[in-house]
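Reader: I should like to look closely at one aspect of a protein model, namely its loops and what lies beside them. Please begin with a single residue and proceed from there.
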Amino acid sequence: MSTTESTSRPSTGANGTPRIAILGTGKMGSAIAGRLADGGFKVILWNRTRERAEALGIGTVAHTPAAAVGDADVVISSLTGPEAVRSTYLGPDGAVSAGAGKLFIEMSTAGPDMLPSLAADVVAAGGRLVDAPIIGAPPAMQAGQAAILVGGDDIDVDAALPVLSALSTVRHVGPLGSGARLKLVANSMLADVVLAAAELQVAGERAGLQPDDVFWVLSRMAPMLAARRNGIVENRHEPTLFALRDLRKDLDLAIALFGRSDVEAPLTLEARHLVAAAATKYGDEDITAVARPYR
């Protein structure tokens, strides 16, 4: 296993450049597709709502996951959760049915539990699977400034690197499922930090401090907050970089993972409670909407 980071770009000449199927063209899938198309890769898109894929205006759009995979060398999936992944891979005209000889890169935040059975189905079909969730919002992916956590066998990860390193910084973190587990740690940290920032921003203002001064200090302590100033300071939670309902889903996955490991995580348990409460009203807004109850 290698834990070195890679930012190298593969050759993007006309000959030998892999064809990439992208299953799911939500915010992150669209950013992935745009990044790869800009890098000279041929992309084949599939989305449950076909019009959303067509609206990107890049590559070609397939009618089914199987059709997209059949025309590709490498398959990237970026979907909303474990049920969407299973449906896309294993449902009627699913990706696995055309998976012989294909390398699948599962980039959704769907948790590690589904990966062993998914890998078994992919291997039975003659394919290979790595998990490669992303740290960073879609704009960071589009700019090549995200981080990709890869889990899988060395040989499969090496095969995936020419595509993944064209997207962003890559770190191989262990066998299959390691990327998914580490992503849950990352998103738990994100929840803890954003909640603390929301609480302390309002507390500082109510203590008589200027909002910009409070946020300046908070973002010095946690630079990742800079991209979310509008939500934390101004209570404006659109555009949505990361929906609150998706963070709630990720925290549910994380708490389940930690619980099986007999790990006490009281801060993250409280974060899940607060995020879930806010998501009942503001689930489609950015995660900074956790500040609304404080205000």
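What does D93 count as, judged by its relative accessibility?

Author: This is a predicted model, in which local features need pLDDT of at least 70, side-chain atom pairs count only at pLDDT 80 or more, and totals for chains, interfaces and linings use all residues. Residues are numbered from 1 along each chain as its sequence is written, and side-chain values use heavy atoms, without hydrogens and water.

D93 counts as partly exposed because its relative accessibility is 48% (buried is under 20%, exposed over 50%, partly exposed in between, with a 1.4 Å probe and protein chains only). D93 is located in the loop that runs from α4 (82–90) to β6 (103–106) (DSSP runs numbered from the N terminus: helices are H or I with at least four residues, strands E with at least two). Although D93 is not a glycine, its phi is positive, at about 55 degrees. Most residues other than glycine have a negative phi, and most peptide bonds are trans.

The loop between α10 and α11 holds N235, another residue that is not a glycine yet has a positive phi, here about 60 degrees. With a relative accessible area of 24%, N235 is partly exposed. P239 belongs to the loop between α10 (229–234) and α11. The peptide bond that joins E238 to P239 is cis, with an omega of about 5 degrees.

Beyond this loop, helix α11 (residues 244–260) packs with helix α12 (residues 266–282) at an angle of about 150 degrees, the axes being 9 Å apart. Helices α11 and α12 are therefore roughly antiparallel (under 35 degrees is roughly parallel, over 145 roughly antiparallel, 65 to 115 roughly perpendicular, the rest oblique).

Methods
Axes are lines fitted to C-alpha atoms, for helices over the stretch in contact, and angles run from 0 to 180 degrees between N-to-C directions.
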